[in-house]
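Me: I'm new to protein models and would like to learn how to read one. Could you walk me through it, step by step?

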Amino acid sequence: MSTNPDIAVFVERRWFAANELLAFVLEVAALACLGWWGFTVGHGLGLHVLLGVGTPLSAAVLWGLFAAPKARLRPRLPLVLVVKAVVLGGGAAAVYGVGHPVAAVVMAIVLVVNTAVAETLRRTTPGWPTGRTGPDDSPTPPTAPASPES
């Protein structure tokens, strides 16, 4: 078995990339589930359309403001996790609301595990700088060191 550190970095980054892809799929699925729920609740076409379009749109705006990698506002990790819980948990709750409790529980478990793994990998993946962090406490690119003449 090889102990080459370059191979370890490649393997860890592959898992990191796979987990990030899963996170994106789960985010899109949560928005779709919120829309599904919105189109099935209430009485009347107007309310169906309002909730079916408005609920995922509101969740997407919330996500874009606080939880997206390039969020307009850059809160610390606890607030990002609250927003993720509201949006992603809302997607799982929506699945429950349309009558699929087992699928909702499975989705919730996958969401929690994915988020925990993502936060762990963001802190331990080689090649990611340490120190200052971004809006979700993921590392930001390093800055050039100050020149000695400064």
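Me: What share of the contacts in the protein chain with a separation of 6 or more comes from residues 24 or more positions apart?

Reply: Happy to help! This is a predicted model. Contacts here are heavy atoms within 4.5 Å, and in the protein chain 55% of those with a separation of 6 or more join residues 24 or more positions apart.

Me: How many helices and strands does the protein chain have?

Reply: You will find 4 helices and 0 strands. Following the sequence, the pattern reads α-α-α-α.

Me: What is the mean pLDDT of the protein chain?

Reply: pLDDT is the predictor's confidence in each residue, from 0 to 100. Its mean over the protein chain is 80, with 75% of the residues at 70 or more. Helix α3 (residues 77-97) has the highest confidence, at 93, and α1 has the lowest, at a mean of 84.

Me: Over which residues does pLDDT stay under 50?

Reply: Look at residues 128-147. The model does have 30 contacts beyond four places in sequence for this stretch. Still, where pLDDT is low, the predicted coordinates should not be read in detail.

Me: Now to the inside of the model. How many residues does the largest nonpolar core have?

Reply: A general idea comes before the case: in soluble globular proteins, nonpolar side chains tend to be buried together. Here the largest nonpolar core has 18 residues, and Trp-63, Met-107 and Leu-111 have the most contacts inside it. Elements giving two or more residues to this core are α1, α2 (45-66), α3 and α4. The most come from α3, which gives 7 residues. For the protein chain of 150 residues, 31% count as buried.

Me: Which residues does Trp-63 touch, not counting residues up to four places away in sequence?

Reply: Its partners are Glu-27, Ala-68, Val-83, Lys-84, Val-87 and Leu-88. Let's follow two of them, Lys-84 and Val-87.

Me: Is Val-87 buried or exposed?

Reply: Buried means under 20% relative accessible area. Val-87, at 3%, is therefore buried. This residue sits in helix α3. Leaving out residues up to four places away in sequence, Val-87 touches Ala-30, Leu-34, Ala-59, Leu-62 and Trp-63. Try finding Ala-30 on screen: 57 residues separate Val-87 from Ala-30 along the chain, yet their C-alpha atoms are 7.1 Å apart.

Me: And is Lys-84 buried or exposed?

Reply: Lys-84 has 10% relative accessibility, so this residue counts as buried. Lys-84 is also part of helix α3. Beyond four places in sequence, Lys-84 touches Trp-63, Ala-67, Gly-89, Glu-119 and Arg-122.

Me: Let's turn to the outside. Which residues make the nonpolar surface patch?

Reply: Leu-21, Leu-22, Phe-24, Val-25, Val-28, Val-102, Val-106 and Val-110 make a patch of about 700 Å². Two elements, α1 (5-40) and α4 (101-124), each give two or more residues to the patch. With 5 residues, α1 gives the most.

Me: Is Val-102 buried or exposed?

Reply: Exposed means over 50% relative accessible area. Val-102 counts as exposed because its relative accessibility is 65%. You can look for Val-102 in helix α4.

Me: What does the accessible surface of the protein chain come to?

Reply: The total is about 9,500 Å², and carbon and sulfur atoms account for 73% of that surface.

Terms used:
Residues are numbered from 1 along each chain as its sequence is written. Side-chain values use heavy atoms; hydrogens and water are left out. Patches are made of residues with over 30% relative accessible area and no salt bridge: like charges are joined within 9 Å, nonpolar side chains (Val, Leu, Ile, Met, Phe, Trp, Tyr) within 5 Å. Accessible areas come from the Shrake-Rupley method with a 1.4 Å probe; for residues, only the protein chains shown count as cover. A salt bridge is a side-chain nitrogen of Lys or Arg within 4 Å of a carboxyl oxygen of Asp or Glu. Buried means under 20% relative accessible area, exposed over 50%, partly exposed in between (1.4 Å probe, protein chains only). A nonpolar core is a set of buried Ala, Val, Leu, Ile, Met, Phe, Trp, Tyr and Cys residues joined through side-chain atoms within 4.5 Å.
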